[in-house]
Amino acid sequence: MQKKIVPPSREGVWNMFNTISSTYDCVNKVLTFGLDQIWRRKMTTFLPLGHALSILDCATGTGDQIIALMESASSIQSIIGIDLAEEMVTIGEKKLAKKPYANQVSFQLANALELPFPDNHFDCVTISFGIRNVTDIMAAFQEFRRVLKPGGRVLILEGTIPRAKWLRSMHIFYLRYCLPYIGGLISKNIKAYRYLNTTIETFPQGEKFNGKLRAAGFVNVQDNPLLGGITTIYQGDKDVLLHC
């Protein structure tokens, strides 16, 4: 398990997601054994307190995180989903159009590094399985913090590597030798799912990731590992005394 993994480039990665958009939801369910939906719903337990919450979902893809939030939390008034992958967003729009809460949701093509929203605008910013795809993590964090209201919260769901040695070994084996081939078989794009395993393995996690959130100005930062650390929900708050 000492194989050296080289971090892949994130430039133009949304084009890759466009190419696998038609099979993306199916592959997610197969590769995670349906657990991705449970993890997305778990995000709702970390939402900030309050009613009529306004949420920005970054790297929204086909809208599964929006659906999980809307169907699991009654405190949400509205959600805007943004992504650069137009074909993924188109699928998301079609899925959400059939939902009873469709009028509370909207989509935009936008970059997480240049959010087209005013300062102090949202109660919560969410991003699921997308932060490892941005080209500049700190710039994204600064943008998340800028658009959050004082006391607002960022919630980040991301794939991680377990700390327990036995589970870590099993998970790395799955990521390297099973996931790319299963994903490639269904999507006909093994390169896309090889990208997935390398980004998970090379991405900062745990306290290193927490440190980046703190460096961006977030407080009350913590990581919440799920299923032994196969995925993690990170959270950080914008200080109520700071308005920038």
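What follows is a conversation between a student and a tutor about a predicted model of a protein chain.

Student: How many helices and strands does the protein chain have?
Tutor: Let's start with the overall fold. The secondary structure is made of both kinds of element, and the tally is 10 helices and 7 strands.

Student: Which radius of gyration does the protein chain have, and why does it agree with a compact globule?
Tutor: A compact globule with 244 residues would have a radius of gyration near 18 Å. The C-alpha atoms fill a box of roughly 45 × 40 × 30 Å along the principal axes. The value for the protein chain agrees with the globule because it comes to 17 Å.

Student: What share of contacts joins residues at least 24 apart?
Tutor: As background, 56% of the 244 residues count as buried. For the contacts, we take those between residues at least 6 apart in sequence. Of these, the share that joins residues at least 24 apart is 75%.

Student: How much area does the protein chain expose, and what part of it do carbon and sulfur atoms supply?
Tutor: The exposed area is about 11,300 Å². The part supplied by carbon and sulfur atoms is 57%.

Student: How far apart are the centres of the positive and negative side chains?
Tutor: There are 27 positive side chains and 21 negative ones in the protein chain. Each set has its own centre, and the two centres lie apart by 8 Å.

Student: How many salt bridges are there, and which residues share partners in one network?
Tutor: A pair counts when a side-chain nitrogen of Lys or Arg is within 4 Å of a carboxyl oxygen of Asp or Glu. By this rule there are 12 salt bridges. Shared partners join some of the bridges into one network, made up of Asp25, Asp64 and Lys95.

Student: Where is the partner of Glu71, and is that partner buried or partly exposed?
Tutor: Glu71 forms a salt bridge with Lys99, at 3.5 Å from N to O. Glu71 belongs to helix α4, while Lys99, 28 residues apart from it, lies in the loop between α5 and β3. Since the relative accessibility of Lys99 is 27%, Lys99 counts as partly exposed.

Student: In the salt bridge of Asp123 and Lys149, which residue is buried?
Tutor: Asp123 in strand β4 and Lys149 in strand β5 are 26 residues apart, and their side chains meet at 3.4 Å, N to O. Lys149 has 29% relative accessibility, so it counts as partly exposed. With a relative accessible area of 17%, under the 20% cut-off, the buried residue is Asp123.

Student: Which helices do Arg176 and Glu201 link, and what is the relative accessibility of Arg176?
Tutor: The side chains of Arg176 and Glu201 meet in a salt bridge of 2.7 Å, N to O. Arg176 lies in helix α7 and Glu201 in helix α9, 25 residues apart. Glu201 counts as buried at 17% relative accessibility. Arg176 also counts as buried, and its relative accessibility is 3%.

Student: Is Leu157 buried or exposed, and which residues does Leu157 touch?
Tutor: Leu157 is found in strand β5. At 0% relative accessibility, Leu157 counts as buried. Leaving out residues up to four places away in sequence, the residues that Leu157 touches include Trp39, Met43, Ile127, Phe129, Leu226 and Ile233.

Student: How far is Leu157 from Asp123 in space?
Tutor: In sequence, Leu157 and Asp123 are 34 residues apart. From C-alpha to C-alpha, their distance in space is 17 Å.

Student: Why is helix α6 largely enclosed, and which elements do its buried residues pack against?
Tutor: Helix α6 is largely enclosed by the rest of the structure because 9 of its 11 residues are buried. Among them are Ile137, Phe141, Phe144 and Val147, as well as the charged residues Glu143, Arg145 and Arg146. The elements that the buried residues of α6 pack against are β1, β4, β5 and α10.

Student: What is phi of Ala59, and what is phi of Lys188?
Tutor: Ala59 is found in the loop between β1 and α4, and at 33% relative accessibility it counts as partly exposed. Lys188 is in the loop between α8 and α9 and counts as exposed at 70%. Neither is a glycine, yet phi is positive: about 50° for Ala59 and near 65° for Lys188.

Terms used: Residues are numbered from 1 along each chain as its sequence is written. This is a predicted model: local features need pLDDT of at least 70, side-chain atom pairs count only at pLDDT 80 or more; totals for chains, interfaces and linings use all residues. Side-chain values use heavy atoms; hydrogens and water are left out. Helices (H or I, at least four residues) and strands (E, at least two) are DSSP runs, numbered from the N terminus. Buried means under 20% relative accessible area, exposed over 50%, partly exposed in between (1.4 Å probe, protein chains only). The radius of gyration is taken over C-alpha atoms; the globule rule is 2.2 Å times the number of residues to the power 0.38. Contact means heavy atoms within 4.5 Å. Accessible areas come from the Shrake-Rupley method with a 1.4 Å probe; for residues, only the protein chains shown count as cover. The place of a charge is taken as NZ of Lys, CZ of Arg, CG of Asp or CD of Glu.
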